[in-house]
Amino acid sequence: MTTVVLADDEALLRKALAALLPLEGGITVLAEAEDGESAVTATLEHRPDVLVIDLEMPGVDGLGAVERIRRAHPDQVILMLTRHARPGVLRKALKLGVQGFVSKAAEPAHITSVIKTLHAGKRWIDPDVSALAVVDDCPLTDRELDVLRATRDGYSVADIAARLHLAEGTVRNYLSNAMQKTQTRTRHEAARYAREHDWL
């Protein structure tokens, strides 16, 4: 029997998966979470074999939740559900140790088989997700993307420096580089540009 925690802000999809996964056999849903914050809480409390988590959620998103869970339990097995995997996001998730990616459009039977594959210690990336991730025309470095992501979330330079454990001058350099590469005038325009090009 494989235990899972399901985290997705789309209640209809989450409830459907919670009902359908056990019917596919061999899966017990221990808890459901509707956002990143409750995903962290539920995972740390229940210690599922596999956390099934949506990438895009309000507040703390899937990546933010995974980062926090990984710090507490580096060996937690994670399957990420995604509608459109942007190359930068996929890279970051892989760096965080996410073992599997499945399209949110996948059949429950497929999601079940991937959960079991991951529980057996293997990895899985849906072909359509990996195809999207290979097309990477982003000129920005990972650090430049990190500061733009924080800019998009509304943080000041001082806040970004504190969050990323960098000096404020270093953050300004990254933002300046990002603005040059995106040919934009402000850090907010650069963040918007990166978002529109699916780099964030």
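This is a short walk through a predicted model, from its sheet to the helices around it.

Start with the sheet. Six strands form it, and the sheet is open. Their order is E2-E1-E3-E4-E5-E6, and the pairing is parallel. Strand E2 covers residues 27-33, and strand E6 covers residues 124-125. These two strands stand at the edges. Each has a single partner strand, so one side of each is left without a neighbour in the sheet.

Helix H1, residues 11-23, packs on this sheet. Helix H1 touches strand E1 (2-7), E2 and E4. The direction of H1 makes about 165° with that of E2. Helix H2, residues 36-46, lies across E1, E2 and strand E3 (50-54). H2 runs at about 140° to E2.

Now look at two of the strand pairs. E1 and E2 pair in the parallel sense, over six bridges. Here the chain leaves E1, passes through H1 and arrives at E2. This β-α-β crossover is right-handed. Within the pair, threonine 2 stands opposite isoleucine 27 in E2. The other pair is E4 with E5. Strand E4 spans residues 77-82, and strand E5 spans residues 100-103. They are parallel too, with four bridges between them. Methionine 80 has phenylalanine 101 in E5 as its bridge partner. One rule helps when you view any of these strands. In a regular strand the side chains alternate between the two faces of the sheet.

Next comes helix H3, residues 62-72. Its N-terminal end is capped by aspartate 61. A side-chain oxygen of aspartate 61 lies 3.3 Å from the backbone nitrogen of leucine 63. The buried residues of H3 are Gly62, Leu63, Ala65, Val66, Ile69 and Arg70. They cover an arc of only 155° around the axis, which puts them on the same side of H3. What covers them? The cover includes H2, E3, E4 and helix H4 (87-95).

One member of that buried set is worth a stop. Arginine 70 sits in helix H3. Is arginine 70 buried or exposed? Its relative accessibility is 12%, so arginine 70 counts as buried; the cut-off for buried is under 20%. Leave aside residues up to four places away in sequence, and arginine 70 touches Asp75, Gln76, Ile78, Leu96, Gly97, Val98 and Gln99. Aspartate 9 makes a useful reference point. Arginine 70 and aspartate 9 are 61 residues apart in sequence, and their C-alpha atoms are 21 Å apart in space.

Move further along the chain to helix H8, residues 157-164. Val157, Ile160, Ala161 and Leu164 are buried in H8. Seen down the axis, these residues fall within an arc of 100°, so they line one face of the helix. They pack against helix H7 (142-152), H9 and helix H10 (187-196). Histidine 165 follows H8, and its phi is positive, near 55°.

Helix H9 spans residues 168-182 and holds arginine 172. How accessible is arginine 172? Its relative accessible area is 45%, so arginine 172 is partly exposed. From arginine 172 you can look back to alanine 161. The two are 11 residues apart in sequence. In space they are 9.2 Å apart, C-alpha to C-alpha.

Conventions. Residues are numbered from 1 along each chain as its sequence is written. This is a predicted model: local features need pLDDT of at least 70, side-chain atom pairs count only at pLDDT 80 or more; totals for chains, interfaces and linings use all residues. Side-chain values use heavy atoms; hydrogens and water are left out. Two strands pair if DSSP finds at least two bridges between them. Contact means heavy atoms within 4.5 Å. Axes are lines fitted to C-alpha atoms, for helices over the stretch in contact, and angles run from 0 to 180 degrees between N-to-C directions. Buried means under 20% relative accessible area, exposed over 50%, partly exposed in between (1.4 Å probe, protein chains only). The arc is that of the directions from the helix axis to the C-beta atoms. A polar contact is a pair of N or O atoms within 3.5 Å; within protein, one must be able to donate a hydrogen and the other to accept it, and residues adjacent in sequence count only if both atoms are side-chain atoms. A crossover is right-handed if, with the strands pointing away from the viewer, the path from the first strand over the helix to the second runs clockwise.
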